[in-house]
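Trainee: I have a structure open and would like to talk it through with you. Can we start with a single residue and work outwards?

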Amino acid sequence: MSLLQSIWMGLIQGLTEFLPVSSSGHLAIFKILAGVNTDTGILFDVLLHVGTLAAVVAAYYKDVWRLIIEFFEIIGDLCYNLVMFFARFRNKGGQYRKIICSSYRKFVVLIIVSTIPTVIIGYLLRNIVEVAEMILLIPGCCLLITAGILLLSDLAQEGHKKPKTATYGNAIVIGICQGIATLPGISRSGMTITSCVLSGFDRKFAVKYSFILSIPAIIGAMVLEIGETSSASITAPQVLIYIVGMVIAAVVGYICIKLMVAIVTRKLFKFFAIYCAVIGIIAIVGYMRMV
């Protein structure tokens, strides 16, 4: 991989991971058309994920820190309640602690509930995704699907749900949508934000929920890819080229996250729908000419 290819892929990752146009679809199309060597690209994919993860954490660092604290406090209260449960057999048990006692605690549980179906679907689709990324037709068709999904978001009525009023059923549906978005060309942010909006979420909270939900998904993808890096032969200069792409992905991604709140609240997804449709058609035509 050349430095120029690394820069381009960093830009593509940063722009398309958070804008609703599918990073996996654009990267798959770029790799095919630019002839990027995928044999040594596993580490680069990991670093791109590190870049986008850093962008999310930087954009929502206060919320992320609070959620981490609440997560461990939930674990602590669960352990305490377990001790109380067994203590009651000796007539020494005290009062159980309430687990979901704040909006942030509810937020933590909602994220966990959404992540479970994402992990299951992502695992089931993993082999299909590997094949799909190498066939230009599939990202093209999936981008057309993304275009339709984005139009639904703009047509949805205004919602007001936040952590206290969101249901675990909503969280499951959003997690399923995120799992489906592992297919190249299906936008993760587009799918999750649209499912949030259709579930009645407040639009600003829908953006926050979508991006914070991406954190466990990105970490999971990184873990899976790290397990495959040992088979790749990568030189030190190549690693430096990869790091350039990672930094670009992080900076551009952070900017895009900040833009997304305005895009969603002003119902501007229709413009991204048109873009996805055009790129999808171009990809399909390109596939037909290559066959």
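Trainee: Is Tyr 168 buried, partly exposed or exposed?

Mentor: Keeping in mind that this is a predicted model, Tyr 168 has a relative accessible area of 33%, and because buried means under 20% and exposed over 50%, Tyr 168 counts as partly exposed.

Trainee: Where does Tyr 168 sit, and what is it in contact with?

Mentor: Tyr 168 belongs to helix H7, which covers residues 168–180. If its neighbours within four places in sequence are left aside, Tyr 168 is in contact with Ile 100, Lys 106, Val 109, Leu 110 and Val 113.

Trainee: How far is Tyr 168 from Val 113, C-alpha to C-alpha?

Mentor: Their C-alpha atoms are separated by 6.8 Å, although the two residues are 55 residues apart along the chain.

Trainee: What share of the contacts in the whole protein joins residues 24 or more positions apart?

Mentor: Counting contacts with a separation of 6 or more, 82% of them are between residues 24 or more positions apart.

Trainee: Changing topic, what is the secondary structure of the protein?

Mentor: The protein comes to eleven helices and zero strands, so its pattern along the sequence is α-α-α-α-α-α-α-α-α-α-α, given that helices and strands are taken as DSSP runs.

Trainee: And why does the radius of gyration agree with a compact globule?

Mentor: For 291 residues, a compact globule would have a radius of gyration near 19 Å, and the protein has 21 Å, which agrees. Along the principal axes, the C-alpha atoms fill a box of roughly 75 × 45 × 30 Å, and buried residues make up 50% of the 291 residues.

Trainee: What lines the second largest pocket?

Mentor: That pocket, with a volume of about 280 Å³, has a lining of twelve nonpolar, no polar and no charged residues, among them Phe 71, Phe 72, Val 108, Ile 212 and Pro 216.

Trainee: Which helices supply that lining?

Mentor: Helix H4 (61–87), helix H5 (103–132) and helix H9 (203–226) each supply at least two residues of the lining, and the largest share, five residues, comes from H4.

Trainee: One last backbone point: what is the phi of Lys 267, and where is that residue found?

Mentor: Lys 267 has a positive phi of about 55 degrees although it is not a glycine, and it is found in the loop between helix H10 (236–265) and helix H11 (269–290). With 26% relative accessibility, Lys 267 counts as partly exposed.

Terms used:
Residues are numbered from 1 along each chain as its sequence is written. This is a predicted model: local features need pLDDT of at least 70, side-chain atom pairs count only at pLDDT 80 or more; totals for chains, interfaces and linings use all residues. Side-chain values use heavy atoms; hydrogens and water are left out. On a 1 Å grid over the protein atoms alone, a cavity is a set of points where a 1.4 Å probe fits but cannot get out, and a pocket is an open set with protein on both sides within 12 Å along at least five of seven lines; lining residues have an atom within 4 Å of a point. Grid points are joined across faces, edges and corners, and a volume is the space filled by probe spheres set on the points. Helices (H or I, at least four residues) and strands (E, at least two) are DSSP runs, numbered from the N terminus. Ala, Val, Leu, Ile, Met, Phe, Trp, Tyr, Cys and Pro count as nonpolar, Asp, Glu, Lys and Arg as charged, and the others, Gly among them, as polar. The radius of gyration is taken over C-alpha atoms; the globule rule is 2.2 Å times the number of residues to the power 0.38. Buried means under 20% relative accessible area, exposed over 50%, partly exposed in between (1.4 Å probe, protein chains only). Contact means heavy atoms within 4.5 Å.
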